[in-house]
2 protein chains.
Amino acid sequence: MQAELARIVGAGNVLDGEGLSDASRLPGYADALVLPETPEQVAAVVAWAYEHDVPVVPRGGATGMAGGAAPMGGVAVSLARLNAVRELAPLQWRMCVEAGVTTATVQRLARENGLYYPPDPGAAEDSQIGGNVATNAGGPHCFKYGVTRAFVTGVEAVLAPGELVTAGGPARKDVAGYDLAGLLCGSEGTLGIVTAVWLRLVPAPAARRVVYQFSEDLDDAIQRFMACGFVPSALEYVDRRAFAAAAGSFPGQAGEGSLVIAEADGPGEAFEEGTPIDAAELWRWRDGISHAVAAVHGAKLAEDVAVPVERLGEAVTEVAAIGARHGIESCSWGHAGDGNLHANFLFDPGDTPARARADAAAEDVFAMALRLGGTLSGEHGLGRLKPLRGAPAAHAALKRALDPKGLLNPGVKEPASRGG
Amino acid sequence: MQAELARIVGAGNVLDGEGLSDASRLPGYADALVLPETPEQVAAVVAWAYEHDVPVVPRGGATGMAGGAAPMGGVAVSLARLNAVRELAPLQWRMCVEAGVTTATVQRLARENGLYYPPDPGAAEDSQIGGNVATNAGGPHCFKYGVTRAFVTGVEAVLAPGELVTAGGPARKDVAGYDLAGLLCGSEGTLGIVTAVWLRLVPAPAARRVVYQFSEDLDDAIQRFMACGFVPSALEYVDRRAFAAAAGSFPGQAGEGSLVIAEADGPGEAFEEGTPIDAAELWRWRDGISHAVAAVHGAKLAEDVAVPVERLGEAVTEVAAIGARHGIESCSWGHAGDGNLHANFLFDPGDTPARARADAAAEDVFAMALRLGGTLSGEHGLGRLKPLRGAPAAHAALKRALDPKGLLNPGVKEPASRGG
């Protein structure tokens, strides 16, 4: 296999595929890892794989939390060497970048040109824009601005059985065909491989005014910030247990209950509630919460569910109750305005029974999300870790339509009966 | 046929299907027009049609410009009696409405509750939200806020062969399955029939400050407004010929060149350029342009293309040149910031040769849009009037996946070789 792939991408761009995982730490391996240097090479690899019935697993920065980039054999395709900035048009609020450009680079290029690319998933230094599209990545500032999808006006992608296509483009509106670009957003590499993205940008915000508040009634606090008369650019919460794990470095004054963080970024916008805090310091601290929580026992299982915003408080309380019921430490934080919780269960890396209890607790979190009218994933995707529930016929029909052989990232975004 | 349909929806809800068209005035007829009163009845009608190989054409307010709701036989399904407001949750910035609720009602319900639903296609009093979703409708205020798709968090829809499904819902984020709700947006009734929509809303803007300016250099004027440091809530243009048709009722001071209209709606936002004008008066006038232009000769052919914003001036100039080349009066106006032009060719209703020249001119407009890196439709859809160009295999595969018998709105969004 490696020799045949070397003929497509060059011998120096074919590596051993052992030990490939992502932030899920799910064990993964491929028969080969290829690093194409052009979109045409990606198309040729997919064509070869489709001809030989070999699974294809695209990989971006491998920062995903759900195992979507952890292959189980076949050929892994890294997009890292597709990292050209094809167009940067600041006056038109637009750029076109290849899939391997990092999220941080997109953000920096925007910022250096007086513009702003709002989606801000964690690990922006490592995560790549192609992976962001594949998972429809979110982040704190998506509350006001929308998730990755809202910034994608077009994609270039390789579809089965190996065709390089474009859908959408630099124009900001397009209803001429079906929304293939939108369908690829969040499809986790199971419908095609994104090779380049046209992004719309917005003018850089006038300022960032961040306030924080501790509250024993999370729903009430969120509701008050939502009644401020404008859309906060971020509206986050950190529950008392997650806060405790990161309290030592908190740049403000600790308090009782859940921490609520709100940011306003419009020229005339200001909150009447909360304590002002330096925005850069606060966000730096916020970015470290996941690591601080992981450090408590050395390992954690992180789940990402979303519920209607008025059910957030109930969901946060229930995550704690679920942890207690399963005898495992739990906490949660997330994008409160979007009703998007990151529920975490903490355990010792070597404690296999605790890991099993965490898995059982996660099942209860999924059931809760559905019961509250929500969804199993707000922004991380299903990957290999979460089975597709309900499995509507339409989902399967779309998969068959674009991947008739089922070779694109098999086992990902699938019902429990298949895959890992 | 009518008797069988009467058993599903009741005899009083089956009407004659003669003379059904939309704002395209394309002649249309159906063997029956049914008006289901529940989503389950819509599903039963589709099931019946799928069983008997009868085409199904959904109809909203029939305000579409492209003939997407003008049937060519089969059963036409009006969603007008599915007009319940299922949920109105102002504190959560959310509503759930059935497909037949008018756009104006959605806008009013939002406004009465301190909120705002930005998409504002023309004919809001008649157009229905289900049709807005089906065409992914736009309007002036989509420049800042995004088109209909950006406000849809979920849909309830009937898919072939007659299944009532939901995709998404009240939660604001969801990457658990493929984005079926997004795929239905802009699909023009060819993949399924939307029966209800969950909409996200935003707080009502602080104020509307509108300015206008006449400019001989459209691109320069647009560029200056885009450099204002924030996203204008609308950025429109009206070329000199379209302005002339509506000049009599213009509430400001007429000038030379194209009219540019810019609106700011954030609390601290203000333009340094342009002449202030009353927002309500200006938008009322703007809404009447299409009628004023149509009145010049009694009829017009309106095309809706979008180009990268920096090509707008070139496109506007070319529309005029195309009209001159074909010996037919032309003008254009539209959503400048989105590069979305409505190119119009004017003729006498009885003048068949002029109508043919208008059609030929429209072909040149399509070719121009593609040459400039744009698209054949920014917000009206392809309907029966515009053939799908390029016809990617993926488009056809998605159609086959969700409508294997090809019975959902046949002839719409199809390559030129098929349909009307």
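What is the sign of phi at Gly10(B), the residue that follows α1(B)? The legend to the first view has the answer; like the other views here, it is drawn from a predicted model.

**View 1. Helix α1 of chain B and the glycine after it.** This helix takes in residues 2–9 of chain B, and Leu5(B), Ala6(B) and Val9(B) are its buried members. Look down the axis of α1(B) and those buried residues sit within an arc of 110°, so they line one face of the helix. That fits a simple rule: an α-helix has 3.6 residues a turn, so residues three or four places apart point the same way. Ala3(B) and Arg7(B), on the other side of α1(B), are exposed. The cover over the buried residues includes β1 (14–15), β2 (32–34), α2 (39–52) and β4 (75–78) of chain B. As for the opening question, Gly10(B) follows α1(B) with a positive phi, near 95°.

**View 2. Strand β14 of chain B and its two partners.** β14(B) runs over residues 258–264 and is mostly covered, with seven of its seven residues buried. Ser258(B), Val260(B), Ala262(B) and Ala264(B) point one way, while Leu259(B), Ile261(B) and Glu263(B) point the other way. Strand β12 (residues 209–215) of chain B is antiparallel to β14(B) and joined to it by seven bridges. Strand β13 (residues 234–238) of chain B also runs antiparallel to β14(B), with five bridges. Ala262(B) makes a handy landmark: Val211(B) stands opposite it, and so does Leu235(B).

**View 3. A cis peptide bond before Pro161 in chains A and B.** In chain A, the bond joining Ala160(A) and Pro161(A) is cis, with omega about 0°. Pro161(A) lies in the loop between β8 (152–159) and β9 (163–168) of chain A. Turn to chain B, and the peptide bond from Ala160(B) to Pro161(B) is cis too, with omega near 0°. The loop between β8 (152–159) and β9 (163–168) of chain B holds Pro161(B). For background, most peptide bonds are trans.

**View 4. Two positive phi angles in loops of chain A.** Most residues other than glycine have a negative phi. Arg25(A) isn't a glycine, yet its phi is positive, about 60°. You'll find Arg25(A) in the loop between β1 (14–15) and β2 (32–34) of chain A, and at 71% relative accessibility it counts as exposed. Ala62(A) is not a glycine either, and its phi is positive at about 55°. Ala62(A) belongs to the loop between β3 (56–59) and β4 (75–78) of chain A; with a relative accessible area of 22%, Ala62(A) is partly exposed.

Technical notes
Residues are numbered from 1 along each chain as its sequence is written. Chains are lettered from A and ligands numbered from 1 in the order in which they are written. This is a predicted model: local features need pLDDT of at least 70, side-chain atom pairs count only at pLDDT 80 or more; totals for chains, interfaces and linings use all residues. Side-chain values use heavy atoms; hydrogens and water are left out. Helices (H or I, at least four residues) and strands (E, at least two) are DSSP runs, numbered from the N terminus. Buried means under 20% relative accessible area, exposed over 50%, partly exposed in between (1.4 Å probe, protein chains only). The arc is that of the directions from the helix axis to the C-beta atoms. Contact means heavy atoms within 4.5 Å. Two strands pair if DSSP finds at least two bridges between them.
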